[in-house]
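Hello,

Here is the structure I promised to pass on to you. Please have a look at it first, and then read my notes below.

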Amino acid sequence: RQVIDLAADGFAASPIGRSPHDAVQFVLIMVLFALLASRARDSLNSGRFFSEIGREHTEVSLFDPQPLQVFGRRGLRLSLNWFLGSAFASLLALDASAPGIVAGVIVLTLGLGAASLVIPARGIHAAIRDAKHAELARIRTDLEREGAALLAPDARDGAGSRVPALVAYEERVSAVREWPFDASTLVRFTALAALATGSWLGGAIVERILEMWVP
């Protein structure tokens, strides 16, 4: 008898047992998690596909980054799905029996949004980094050779004349960005992240106001 009573009390205290409304909300949250898991898998697989294309099948030009920014824009589109999802999920905070679960969903979607921006660009980032380091190594080899010729005891007129041009070229190569994100992409990403975070904070504030003024 005591075991039965304890089980009944535990069920009544659970999200399913408190009321039909809580039971429906609990089921919806579980469905939401299942959809998030499925969407996360598809998003990560898409990101890895673009990363492989960037790493293995894309020609890198250090001084023409425009064609490579397609990888950053692809990541931004994937992030858009997650940040909008986070903004919509924050609406659950207005009537949530388990705010910790809602907060967990929002943190998860924000994290997936950030990962969705970076993963498609990882491959091209590695390709740009390798091309940049190889070019810098070549320039520094030439600089070392020119410096040795300039400082040699039997240096001829004009020895080391290429040093200023090589130094300027080295500085330009060093300044090449290794990630395919232009200012527009970063500004949009920041705005989307702020929208998702602001939606969650706004929902929490509205919830507190309702608790204060609505009996």
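**A surface leucine to begin with**

Leu35 is exposed, with a relative accessible area of 55%. Please keep in mind that this is a predicted model. The place of Leu35 is in helix H2, which covers residues 20-56. Together with Val27 and Val31, Leu35 makes up a nonpolar patch on the surface, and the three share about 270 Å² of accessible area.

**The chain as a whole**

What is the chain built from? It has six helices and zero strands, so the order of elements from the N terminus reads α-α-α-α-α-α. The chain has 215 residues, and 32% of them count as buried. About 13200 Å² is exposed, with carbon and sulfur atoms supplying 65% of that area. Among contacts with a separation of 6 or more, 81% are between residues 24 or more positions apart.

**A leucine on the buried side**

Leu192 belongs to helix H6 (residues 183-213). Its relative accessibility is 16%, and Leu192 therefore counts as buried, the cut-off being under 20%. Which residues does Leu192 contact, leaving aside its neighbours within four places in sequence? They are Leu76, Leu80 and Phe83. Another residue to look at here is Ser79: from C-alpha to C-alpha, Leu192 and Ser79 are 8.3 Å apart in space, while 113 residues separate them in sequence.

**Helix H5 and its two sides**

Helix H5 runs over residues 163-174, which makes 12 residues. From its first C-alpha to its last, H5 reaches 16 Å, close to the 16 Å expected at 1.5 Å a residue. The buried residues of H5 are Leu166, Glu170 and Val173. Seen down the helix axis, these buried residues fall within an arc of 65 degrees, so they line one face of H5. Pro164, Ala165, Glu171 and Arg172 are exposed and sit on the face of H5 turned away from the buried side.

Glu170 deserves a second look, as a charged residue on that list. Its relative accessible area is 18%, and Glu170 is buried. What does the side chain of Glu170 meet in a salt bridge? The partner is Arg140, at 2.6 Å from N to O. Because Arg140 lies in helix H4 and Glu170 in helix H5, the pair ties together parts that are 30 residues apart in sequence. Arg140 itself is partly exposed, with a relative accessible area of 43%.

**More salt bridges**

Side chains of opposite charge can pair when their charged atoms come close. The structure holds eight salt bridges, and here are some more of them.

Asp130 and Arg55 meet through their side chains in a salt bridge of 2.7 Å, N to O. This pair links distant parts of the chain: Asp130 is in helix H4 (residues 99-151) and Arg55 is in helix H2, 75 residues apart. Both partners count as partly exposed, Asp130 with a relative accessible area of 33% and Arg55 at 35% relative accessibility.

A salt bridge also joins the side chains of Glu146 and Arg162, with 3.3 Å from N to O. Here, too, distant parts of the chain are linked: Glu146 is in helix H4, and Arg162 is in the loop between H4 and H5, 16 residues apart. Are these two buried or partly exposed? Glu146 is buried, with a relative accessible area of 14%, whereas Arg162 counts as partly exposed at 39% relative accessibility. Finally, Glu135, Arg138, Asp142 and Arg145 are joined into one network by salt bridges that share partners.

**A buried residue in a loop**

Where is Gln69 found? Gln69 sits in the loop between H2 and helix H3 (70-89). At 6% relative accessibility, Gln69 counts as buried. Not counting residues up to four places away in sequence, Gln69 touches Arg177, Pro180 and Asp182.

If you open the model alongside this message, you might start with Glu170 in H5 and its salt bridge to Arg140, then turn to the patch of Val27, Val31 and Leu35.

Best wishes

Terms used: Residues numbered from 1 in each chain as written. Predicted model: local features only at pLDDT ≥ 70, side-chain atom pairs only at ≥ 80, totals over all residues. Heavy atoms only, no water. Helix = DSSP H or I, 4+ residues; strand = E, 2+ residues; numbered from the N terminus. Buried < 20%, exposed > 50% of the residue type's maximum accessible area, 1.4 Å probe, protein only. Contact = heavy atoms within 4.5 Å. Areas by Shrake-Rupley, 256 points an atom, 1.4 Å probe, with all protein chains shown as cover. Expected span 1.5 Å × (residues − 1). Arc of directions from axis to C-beta. Patch = residues over 30% accessible without salt bridge, like charges linked within 9 Å, V, L, I, M, F, W, Y side chains within 5 Å. Salt bridge = Lys/Arg side-chain N within 4 Å of Asp/Glu carboxyl O.
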